Amino acid sequence: MNGKKTVVAALLLTLTAGAYAADKACVELKTSAETEREVVEQGQKVKRLMPAGKVLPGDEVVWTITATNVCKTPTDNVAIANPVPEHMTYVSGSAIGSGADVAYSLDGKEFKDAGDLAIRAADGTSRAARADEYRAIRWTYKSAFAPGATAFVRYRALVN
Amino acid sequence: MVKAHWLSSLAVVAVLGAPLASQAAGTAAGTNIQNTAQVSYTVGSSTVTTSSNTSSVTVAEILDAVLTIAAPTVTVAPGATGEELVFTLTNTGNGTETFNLTALSAGVVGDDFDPTLATPAIYFDTDNSGDFSGGDVAFNPGVNNPVLAANASVRLIVVNNIPAGVLNGNRGRSQLTAAAATGTGAPGTPFVGAGDGGVDAVAGTTGGDAQLFGEYLVADVQLTAVKSQTVVDQFGGARPLPGARINYQVVVTASGSGNANAAAFSDLVPTNTTYVAGSLRLNGAALSDGADADAGTFVSAPAPQVRVTLGNLTGGSGPQTIEFAVTIN
């Protein structure tokens with residue numbers, strides 16, 4: 001009797017661990033904030049990205065989001081979305097992501113190509129949205145992430 | 001009977017009408033800006049969405065100050081006391097900041113004489129009147145330093161006395177300095193942990209302080225008014241009978257090298273006489289009795305009087321001739 005119980009308990013444990021592994025993110029995402037600073041290296045002034053801890057209004061922060069497939073199977077339809085943080089303004093043309101299509105959103109829900117976003121005024125007229133009005137960005141990858149593959153996307157935003 | 005005076009009210013109107021020289025201070029010091037990204041993908045047939053870590057940056061405090069002055073040049077007479085310069089200090093940083101204030105009159109370069117700072121020299125415009133008045137509280141260093149939230153302003157008054165020996169046209173400067181108590185320095189100078197709530201503070205583009213001088217211009221201007229009258233009675237003579245008309249003429253002349261700003265003339269209608277409607281004239285041109293765009297007004301209460309605004313008068317303006325008529329009751 002005692003031996004049977006132990007076996008059942010061990011089996012349950014294995015099942016739980018397996019379920020956890022399946023639920024655990026196959027694509028791990030990491031967000032980091034940096035600022036571009038001029039440093040002197042070997043007598044040359046060069047721009048380097050340094051971790052941004054403290055910033056001032058008007059400073060430009062470079063947000064980098066890195067995605068890595070940590071599973072043993074490929075992942076399809078990878079899409080990274082990031083709201084432009086509160087107190088920040090997106091810098092026009094700064095979103096990049098190799099192998100990904102970039103779309104923008106004014107509300108964080110509906111994503112469109114930059115040229116297709118419009119702002120409707122109270123009187124019914126509408127105009128093209130400006131880049132500083134974008135509130136979220138989405139990168140959609142055209143091909144699957146192979147196991148172990150990693151990619152990053154990046155954009156710049158100003159502290160209001 | 002004749003009153004000729006000049007006012008600084010024009011300057012006050014200009015101050016109220018001008019926008020404050022404040023800039024958007026930006027996101028408040030101490031704000032924690034957080035960012036979390038999402039990713040969605042499919043593995044086999046299931047779609048999964050997960051979030052990244054939350055990365056954050058903290059907004060440091062910018063130390064910035066701007067001073068403006070209501071009237072950069074104030075005309076004064078030799079020996080005048082309690083002459084004011086009205087400044088506005090604006091905290092253009094992004095945090096709440098305490099400011100140290102200092103006034104300097106001796107040794108400001110570029111002028112002809114040194115005004116003498118009154119004791120005390122700096123006042124708050126406590127009654128918000130825009131000028132130095134009885135209710136204004138003196139600045140007491142270390143006791144009641146102004147504490148301004150981001151974008152907030154305070155009006156400050158620097159008071160000087162004018163030496164008796166100064167000459168027409170002489171200029172004397174008096175300077176106000178406001179410095180962030182957290183620290184000042186070249187733009188970008190850091191003050192680690194000294195900002196609001198313990199965040200770092202950084203000297204902004206102004207260096208965390210502001211300095212501005214105002215100027216006293218000695219303008220020993222005098223206004224004189226000479227009044228004359230002619231009586232015309234209803235019988236063709238010049239006897240002051242009931243019903244007779246008295247034509248008054250007042251000539252106002254400015255002399256000296258200065259400006260009499262916003263000079264205004266007023267004269268009471270004598271008792272036992274009645275103002276002749278429509279008889280007011282300035283330099284030969286008729287003025288309407290109503291309070292309207294032209295310079296003249298007849299005021300019936302509480303005491304009947306005529307008023308004419310003469311604008312800014314200088315010695316070169318020439319005599320200003322005001323005419324009006326009354327009838328004897």
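This report describes a predicted model of two chains, A and B, moving from the confidence of the model to its sheets, the contact between the chains, the core and some local backbone features.

**Confidence and overall make-up**

Chain A has a mean pLDDT of 86, and 85% of its residues reach 70 or more. Residues 1–22 of chain A are a stretch where the pLDDT is below 50, and beyond near neighbours in sequence this stretch has zero contacts in the model. Chain B holds one helix and 24 strands. Of the 329 residues in chain B, 35% are buried. When contacts in chain B between residues at least 6 apart in sequence are considered, 73% of them join residues at least 24 apart.

**A sheet built from both chains**

Seven strands, drawn from chain A and chain B, form an open sheet with mixed pairing, in the order β3(A)-β3(B)-β2(B)-β5(A)-β12(A)-β8(A)-β9(A). At the edges of this sheet stand β3 (54–55) and β9 (111–112) of chain A, and because each has a single partner strand, one side of each is left without a neighbour in the sheet. In general, strands of a sheet pair through backbone hydrogen bonds, in either the parallel or the antiparallel sense.

Within chain A, strand β8 (residues 100–105) and strand β12 (residues 136–141) run antiparallel and are paired over six bridges; in this pairing Tyr104(A) stands opposite Ile137(A), a residue of β12(A). Between the chains, β5(A) pairs with β2(B), again in the antiparallel sense, over four bridges, and here Ala81(A) stands opposite Gln38(B) of β2(B).

**The contact between the chains**

The contact between chains A and B takes 35 residues from chain A and 29 residues from chain B. On the side of chain B that touches chain A, the elements that give two or more residues are β2 (32–43) and β3 (46–59) of chain B. Of the elements on this side, β2(B) gives the most, with eleven residues. By class, the side of chain B that touches chain A has twelve nonpolar, 16 polar and one charged residues. The strand β2(B) thus appears both in this contact and in the sheet of seven strands, where β2(B) is placed between β3(B) and β5(A).

**A sheet within chain B**

A further open sheet is formed by four strands of chain B, in the order β5-β7-β11-β9, with antiparallel pairing. Its edges are β5 (65–69) and β9 (116–124) of chain B; each has a single partner strand, so one side of each is left without a neighbour in the sheet. Neighbouring strands of this sheet are turned by 25 degrees against each other on average, direction ignored. Strand β7 (residues 83–91) and strand β11 (residues 153–161) of chain B run antiparallel and are joined by eight bridges, and the bridge partner of Thr88(B) in β11(B) is Arg155(B).

**The nonpolar core**

The largest nonpolar core has 98 residues, and those with the most contacts inside it are Val158(B) and Ala178(B). If its neighbours within four places in sequence are left aside, Ala178(B) is in contact with Ala65(B), Leu67(B), Leu89(B), Phe99(B), Leu101(B), Asp209(B) and Ala210(B).

**Local backbone features**

Two cis peptide bonds in chain B are set out in the table.

| Residues joined | Omega | Place of the proline |
|---|---|---|
| Thr119(B) and Pro120(B) | about -10 degrees | strand β9 of chain B |
| Ala301(B) and Pro302(B) | about -5 degrees | loop between β22 (296–299) and β23 (305–314) of chain B |

In chain A, Asn77(A) has a positive phi of about 50 degrees although it is not a glycine. Asn77(A) is found in strand β5 (residues 76–83) of chain A, and because 14 other C-beta atoms lie within 10 Å, Asn77(A) is partly exposed. His87(A), also a residue other than glycine, has a positive phi near 70 degrees. The place of His87(A) is in the loop between β5 and β6 (88–90) of chain A. With 20 other C-beta atoms within 10 Å, His87(A) is buried, since the cut-off for a buried residue is 20 or more such atoms.

Conventions. Residues numbered from 1 in each chain as written. Chains lettered and ligands numbered in written order. Predicted model: local features only at pLDDT ≥ 70, side-chain atom pairs only at ≥ 80, totals over all residues. Pairing = 2+ DSSP bridges. Axes fitted to C-alpha atoms, helices over the stretch in contact; angles between N-to-C directions. Buried ≥ 20, exposed ≤ 12 C-beta atoms within 10 Å, placed from the backbone. Core = buried A, V, L, I, M, F, W, Y, C linked by C-beta atoms within 7 Å. Contact = placed C-beta atoms within 7 Å. Nonpolar A, V, L, I, M, F, W, Y, C, P; charged D, E, K, R; others polar. pLDDT = per-residue confidence, 0-100.
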